[in-house]
Amino acid sequence: MKHSNPIIAEIFDAQQFAETGHQLIDLLAAHLKANIAGTSKVLNWKVPSIEDQHWHLPLPQKSTINPQGLLEKLSQEILPNNLAIHHPHNMGHQVACPLPMAALCDLVASLTNQAMAVYEAGPSATMLERQVIRWLCALIDEVSWSFAGGVLTSGGAQANLTALLVARQVSTSKANPSSNVWKDGITQQPALRILASEHAHYSVSRAAGLMGLGTNSVIKITTDKNGRLDLIALKNAHQTCLENQDTIIAVVANAGCTPTGSIDPLQAIGEYCQAHELWFHVDGAHGASALLSESHREKLSGIALADSVVWDGHKLMYMPAAVSAVLFKNEQHSYVAFSQDASYLFQGDNHEDEAFNLSYRTLECTKRMMALKLWAAFSLYGTEGMGALVDEAFAKAKVFAEKIQRKSSFELLMKPETNIVCFRFLNKKLSQEAINNHQSAIRQHIIQSGAFHITQVNLHGVTWLRTTLMNPFTTALDLDELLERVALGSQAVLSIAK
Ligand SMILES: Cc1ncc(COP(=O)(O)O)c(C=O)c1O
């Protein structure tokens, strides 16, 4: 059926969609192939303030390009000026080079636009999500997590917020059964605290700010030399809270902390939390995917003791962003975060059907059909294929760390537990402050050259270069080349400074 308004008719023209779509897929396939081959720069660096000057065009009143023009703009300007995510030299952030089939699923999600707030606005989207959540919970533990549940959220930051909202509601009503923080606020409460690793992602303290607790309510627990939460420090902080009569709403451990990828001693923390009836939250946004690997799942031993777990799909499950899971050992807890709706939910005549309306459990009302890509990846490749990606990434980090250790001009921060490797280039002539600035200058030099994309992190006053090795196409030769580039970069920045 053709619309009587020719503009609207063109906007929804299925034939044009198909023709442009086929060309677009060809363009993206060529882009993917070239990215993987690594023939061009990983980043076509441009100074943002200068680049921004090209983006002050008047809002188009009439059509300014046609679909062919759109494809040209994509192929000539937009794609070449993005970070080449599948490039073997892309090793900066914890962002997956997405599985191409998962990216196709995202196109389906966009065109079908299932709102998902309620079951009827996305029936199969809802079922896909419930299936994926069941699979993830089973990966944590088929037995003790058999009554588990959760939802998918747009990102790990939101997933952490959701888990901590539940933790607050559960922990405060345990401390004072007549209280309802969600309804009445926190004015009458003793101080509420979150005990979290000093390496916890900033979304944890941001969640505390958002929940009205203040970011200072997060007590940072020190870590050992391997970046793992120190149990004695946790016990001491707990003791201090008891003496101050504070209410602890959660203990937050990392399964793959952001700076170094270190995994906290989950078994010991979990047992401690169980013994003291503390809510145990595991932020596994980065590293929960080790559960997919036969060789590495042991590293997460104890994760099943958690009350809540966050797990990002767009990190080591190689999904296009964003898809994260917030999982609760007791499925009923998944209704508590936004608990004003719970009474309606459970007292309604059709309460079983209401459980299929996902918006009761998430901040988002309309949300994307996020589960399709994860369901497709598991269905296409199984845990065998998904685990192989994790094995590959972790093995590469080990190889890189060994290479660094063999070079006297480099220092390795720690043996990697996952796929994040931190190191620095040594220069004995430079002071501590100068050597820190030197790492930053080397990094700037490298990323502006377009040779590699790496990041940096400052830990206890020391700046480290940081790589997240998650691209399966990065080879041992690429890693050798990075170390050469760092050494050359050091010379280059020192000679510029002279
Ligand atoms: C450990 C950890 N938690 C949470 C997050 C936030 O996740 P997202 O970027 O998906 O919001 C990150 C992001 O890197 C992370 O590393």
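Author: Two strands are said to pair if DSSP finds at least two bridges between them, and in this predicted model 7 strands form an open sheet in the order β1-β7-β6-β5-β4-β2-β3, with mixed pairing.

Reader: How do you know that β1 is paired with β7?

Author: The cut-off is at least two bridges, and 5 bridges join β1 to β7, residues 324–328, the two strands running antiparallel; Thr153, for one, stands opposite Ser324 in β7. Since at least two bridges are required and 5 are found, β1 and β7 count as a pair.

Reader: What makes β1 and β3 edge strands?

Author: Each of them, β1 at 149–153 and β3 at 218–221, has a single partner strand, so one side of each is left without a neighbour in the sheet. From one strand to the next, the twist averages 20 degrees.

Reader: Which strands does helix α7 touch as it packs on the sheet?

Author: Helix α7, residues 156–175, touches β1, β2, β4, β5, β6 and β7, and its direction makes about 145 degrees with that of β4. The helix also provides 3 residues of the shell around the ligand, the largest share.

Reader: Why is the approach of Asp283 to the ligand called a polar contact?

Author: A polar contact is a pair of N or O atoms within 3.5 Å, and a polar side-chain atom of Asp283 lies 2.6 Å from a nitrogen atom of the ligand, so the pair meets that cut-off. A polar side-chain atom of Lys315, at 3.4 Å from an oxygen atom of the ligand, also meets it. Taken alone the ligand exposes 390 Å², of which the protein buries 84%.

Terms used: Residues are numbered from 1 along each chain as its sequence is written. This is a predicted model: local features need pLDDT of at least 70, side-chain atom pairs count only at pLDDT 80 or more; totals for chains, interfaces and linings use all residues. Side-chain values use heavy atoms; hydrogens and water are left out. Helices (H or I, at least four residues) and strands (E, at least two) are DSSP runs, numbered from the N terminus. Axes are lines fitted to C-alpha atoms, for helices over the stretch in contact, and angles run from 0 to 180 degrees between N-to-C directions. Contact means heavy atoms within 4.5 Å. A polar contact is a pair of N or O atoms within 3.5 Å; within protein, one must be able to donate a hydrogen and the other to accept it, and residues adjacent in sequence count only if both atoms are side-chain atoms. Accessible areas come from the Shrake-Rupley method with a 1.4 Å probe; for residues, only the protein chains shown count as cover.
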